[in-house]
Amino acid sequence: MLADRTTLARFLDAERRRHPGAVGDLNSLILDVAIACKAIAGRVAHGALEGVLGAEGTVNVQGETQQKLDVLANDIFLRATEWGGQVAGMASEELDDPYGIPAEYPRGKYLLVFDPLDGSSNIDVNVSVGSIFSILRAPEGTGEAPDPEAFLQPGSTQVAAGYAIYGPSTMLVLTTGRGTHGFTLDPRLGEFILTREAIRIPETTQEFAINASNRRFWEPAVRRYVDECLAGRSGPRGKDFNMRWVASLVAETHRILTRGGVFLYPRDTKDPARPGRLRLLYEANPVAFVVEQAGGAAHTGRERILDVTPTALHQRIPLVFGAVEEVERIAKYHVENVDSGVDTPLYGTRGLFRAAN
């Protein structure tokens, strides 16, 4: 039965063979990440049976109340990946500073950045949550305790990225720069099996996802786009749209990869100290890499996500991603507002729109 299926390990081995000089370190790291995701999936599935629901009573660097599973998932990621000799350091949503590899373990050539449990505020109501990860090359001379600057690389430098979604089934969605592929965990075998190869986001859509309760804080470009969608067939778009909102980035991403759409968590005026809400390094960048490799686009509204040079480990950023046609339209509206003097650029308009198809 297993011989008839492509496991994650077999898939990665086939990819490695395309690069004769590769020694398999990246594959090993991805497989260690997969082990972490399997362990987290088990804890999520047991929920209240293991007493892991509810708040931990602590606050992370983001100022967010940590859930018990946030802390547990973070520890699982660290323990699963620190020992293998592939990483020189890690950074996590749940840690203030980079995590240095313990002295007893060898150090490798990669940096691992992750959100161990995205959407954890939904845990208690049994909504799908997930883990998001990004793999970067460690700069030359990275020491035993990597400085934050080592991680401040544009998303275009990622060598692999993906997410696991813990829902009715557990799936790992991955890109190493040659398309986006989905693997479903077979609990009978304990293996991730390739079930969606070369995923492509539909080019057109009639769905958008946004938190409409923030409308009063939106910029004019975002209000214009949403109003046009809500106008339906009688409006300028000439078709009806459905609005979705799960409040779990992994769940939103997975829906768009499965049936199309566009997601917006735009810059707004609700908190002037934060130009965006989602974290660049371990949320926006890996999602953007996955989405572009599936034929979609990811943008701030002013700049391609993968072109943004990070300035801080936990930097926040606006994020718009999904069908190329919709992302391009939203970016165009932002530029028109800038040209008319209605808007003030946050990052400039360099790289208005570019997707890797």
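An open sheet of five strands, with mixed pairing, follows the order 12-11-13-17-15 in this predicted model. Strands here are DSSP runs of E with at least two residues, helices are runs of H or I with at least four residues, and both are numbered from the N terminus. Two strands pair if DSSP finds at least two bridges between them. The edges of the sheet are strand 12 (242-244) and strand 15 (297-299), each of which pairs on one side only. From one strand to the next, the twist averages 15 degrees.

Within this sheet, strand 11 (residues 207-209) and strand 13 (residues 262-265) pair in the parallel sense over two bridges. Phe208 stands opposite Val262 in strand 13. Helix 4 (residues 220-230) packs on the sheet and touches strand 11 and strand 13; contact means heavy atoms within 4.5 Å. The direction of helix 4 makes about 140 degrees with that of strand 11, where axes are lines fitted to C-alpha atoms, for helices over the stretch in contact, and angles run from 0 to 180 degrees between N-to-C directions.

Strand 9 (residues 180-186) takes part in two antiparallel hairpins, summarised below.

| Hairpin | Bridges | Residues between strands | Glycine with positive phi |
|---|---|---|---|
| Strand 8 (residues 170-175) and strand 9 | five | four | Gly177, near 100 degrees |
| Strand 9 and strand 10 (residues 191-196) | five | four | Gly190, about 70 degrees |

Leu174 has His181 of strand 9 as its bridge partner, and Phe183 stands opposite Leu194 in strand 10. In a regular strand the side chains alternate between the two faces of the sheet. In strand 9 both faces are covered: Thr180, Gly182, Thr184 and Asp186 are buried on one side, and His181, Phe183 and Leu185 on the other. Buried means under 20% relative accessible area, exposed over 50%, and partly exposed in between (1.4 Å probe, protein chains only).

The largest nonpolar core has 41 residues, of which Leu112, Leu117, Ile135, Tyr166 and Leu172 touch the most other members. Such a core is a set of buried Ala, Val, Leu, Ile, Met, Phe, Trp, Tyr and Cys residues joined through side-chain atoms within 4.5 Å. Helix 2 (residues 25-46) supplies the largest share of this core, ten residues. A second, separate core of 29 residues includes Met171, Tyr265, Ala298 and Leu319.

Overall, the protein has seven helices and 17 strands, and buried residues make up 55% of its 357 residues.

Residues are numbered from 1 along each chain as its sequence is written. In this predicted model, local features need pLDDT of at least 70, side-chain atom pairs count only at pLDDT 80 or more, and totals for chains, interfaces and linings use all residues, while side-chain values use heavy atoms, with hydrogens and water left out.
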